[in-house]
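The following report describes selected local features of one protein model. It proceeds from helices to salt bridges, cysteines and strands.

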Amino acid sequence: MRYDIVIAGAGPVGLFLACELGQAGCSVLVLEQAVSPESPLKRLPFGLRGLNAPTLEALDRRGLLDAVAAGQVLKPEKGPPPPGTAHWLSQPRRLGGHFAGIPFALDNVDSGRWPWRLPSPVGTQMAVELQALEAVLAERAQALGVVILRGAGVQEVRLGSDEVQVEAGGQSFRGRWLVGCDGGRSTVRKQCGFTFAGTDPEFTGHSLSVELEDPTLLSPGRHTTAQGMCNFNPPGTIALADFDGGAGHRQPLDRESAQALLRRISGRDATITTLQLATTWTDGARQATAYRRGRVLLAGDAAHVHSPLGGQGLNLGLGDAMNLGWKLAAVVHGADEALLDTYQAERHPIGARVLEWSRAQVALMRPGAGSRALAAIVADLAETRDGATYLAERVWGVGQQLDLGQAHPLVGRSTPDVLLADGRRMGELLRAGQAVLLVFDPAASLCASVDVERSRILCIEQPAVDSLGLSALLVRPDGMVAWTSDGTDAAGLTQAVREWMGAVGRETIA
């Protein structure tokens, strides 16, 4: 059998992309190296992940948010956070996030700076367990007919003129397209000749789950020391940054060597009685110079890697999947392949910006008086309204905007969650994965101007509780605003639709 798309990797990025493609009627095979979806590294405490606004909006627009929210880690009604929860997440004063461990307070954030964000039940951040998130996505993917084959990591890729052949788990598979979502050491990326450019690591990060003889010897929270950084979340979750140029990455630790490392980095005479789990990571920051080579594309960590500081990696990858999914499905159904070029154009700059954000945090963590002085200034700025709002905009992702070649400040942004007079929200209107044209002034008769494309655009003429002064709004399947009007610009809408639909193809959205 030849699949429309073969995806390497059944992590959250590969699974979410599979859901997008399956919903659009594509045949999808997901190949995953791991035999089981379960892993201690995907469960608490190491499996804690923060979801930002674009991710939560994407999940809402596909009807997945309630299922994901059911497993969120921190809920006010559940009382204190579970053991090992990040220290900054469990403070009495509500915090909105952090930059290199420097927190900013939620009550300092001025949400009025983002007038396009209308009131919505979808929040700006949520803490979840990675394994629970993957379970929700896998269930949806399989319900849509996606085939997930575990114990079948990609071993070899052979490129043809009209298909890709993949050897995995001792079997051979064929697909019209291949997407590498197989992580930072992506086999797909390496075999298909992608250039992975960037900066080498400055430190090795060690995540430890331990039992301590006397936990009171370590102070909870993140602390920069003369040797690096120590982050302690009682009773026994520890993250260490050892500025060794990455030499310690993937080097095994036993109890004695872990204890020596902890004592050296923390400067405290702490004793580890039991080493339960240990893993390493680095701050190496690299990005594929191109996200597509012929019939092969990259998404998630296969396309970009950086340190996990600030929790941006998962959100960046899920954003890749949301952007790529509808475009790749459109090409499968007959659209011009040039549409895939917009994936690179739209997502690569966002990835590059996240890598710079990661590198900036490393600069504040380096041992030395200069970094400590700079960190003190950033901490002062984080306590101001402007500083906290700037950090929130970056950490929460609410300021992201694509360059779609139009001047209106809303074009290229995530669509406002417009509430219509009949009670429907924009997030609900996007559940089927199709474009939406909202006309708030029925007298404009804009839906009639795109009647030919009506079967592929959901056209709704209805007033809204707050239309932001607009008469109409055209939204892409991924929830990004493609066109706006504050009048009756039928000609402008027709041109926008024809340009977009010309690229997408006539059979994309049923």
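What span should the twelve residues of helix 10 (residues 385-396) have at 1.5 Å a residue, and how far apart are its end C-alpha atoms? The expected span is 16 Å, and the end C-alpha atoms are 16 Å apart, which agrees. Here the expected span of a helix is 1.5 Å times one less than its number of residues. Helices (H or I, at least four residues) and strands (E, at least two) are DSSP runs, numbered from the N terminus.

The model is predicted: local features need pLDDT of at least 70 and side-chain atom pairs count only at pLDDT 80 or more, while totals for chains, interfaces and linings use all residues. Residues are numbered from 1 along each chain as its sequence is written, and side-chain values use heavy atoms, with hydrogens and water left out.

## Helices 10, 1 and 2

At the start of helix 10, a side-chain oxygen of Thr 384 comes to within 3.0 Å of the backbone nitrogen of Gly 387. Gly 387 is also one of the buried residues of this helix, a group that includes Leu 391, Arg 394, Val 395 and Trp 396. Buried means under 20% relative accessible area, exposed over 50%, and partly exposed in between (1.4 Å probe, protein chains only). Just after helix 10, Gly 397 adopts a positive phi of about 75°.

Helix 1 (residues 12-23) also has twelve residues; its expected span at 1.5 Å a residue is 16 Å, in agreement with the 16 Å between its end C-alpha atoms. Eleven of its twelve residues are buried, so helix 1 is largely enclosed by the rest of the structure. Among the buried residues are Pro 12, Phe 16, Cys 19 and Glu 20. Just after helix 1, Gly 25 has a positive phi of about 85°.

Thr 55 belongs to helix 2 (residues 53-61) and is buried, with a relative accessible area of 4%. Its side chain is joined to that of Asn 315 by a polar contact of 2.8 Å. A polar contact is a pair of N or O atoms within 3.5 Å; within protein, one must be able to donate a hydrogen and the other to accept it, and residues adjacent in sequence count only if both atoms are side-chain atoms.

## Salt bridges

The whole structure contains 30 salt bridges, each defined as a side-chain nitrogen of Lys or Arg within 4 Å of a carboxyl oxygen of Asp or Glu. Three of these pairs are tabulated below.

| Basic residue | Acidic residue | N to O distance |
|---|---|---|
| Lys 42 | Glu 134 | 2.9 Å |
| Arg 359 | Glu 356 | 2.4 Å |
| Arg 425 | Asp 417 | 2.6 Å |

Lys 42 forms its salt bridge with Glu 134. Lys 42 lies in the loop between strand 2 (28-32) and strand 3 (48-52), whereas Glu 134 is in helix 4 (residues 130-143), so the pair ties together parts that are 92 residues apart in sequence. Both Lys 42 and Glu 134 are buried.

Arg 359 and Glu 356 are three residues apart in helix 8 (residues 341-365), and about one helical turn therefore separates them. Arg 359 counts as partly exposed at 25% relative accessibility, and Glu 356 is partly exposed at 47%.

Arg 425 and Asp 417 are both buried. They take part in a network of salt bridges that links them with Asp 60, Glu 428 and Arg 431.

## Cysteines

No disulfides are found in the whole structure, a disulfide being a pair of cysteine sulfur atoms within 2.5 Å. For Cys 26, the nearest cysteine sulfur is that of Cys 19, 13 Å away. Cys 26 counts as buried at 8% relative accessibility, and Cys 459 is buried at 15%.

## Strand pairing

Two strands pair if DSSP finds at least two bridges between them. An open sheet of four strands shows mixed pairing in the order 22-21-23-24. Strand 22 (457-461) and strand 24 (481-485) stand at its edges with a single partner strand each, so one side of each lacks a neighbour in the sheet. Strand 23 (residues 472-475) pairs with strand 24 in the antiparallel sense over four bridges, and Leu 473 stands opposite Thr 484 in strand 24.

Strand 4 (residues 95-99) and strand 5 (residues 102-105) likewise pair in the antiparallel sense over four bridges. Gly 97 stands opposite Phe 104 in strand 5. The hairpin of these strands has two residues between them, and Ala 100 takes a positive phi near 55° there.
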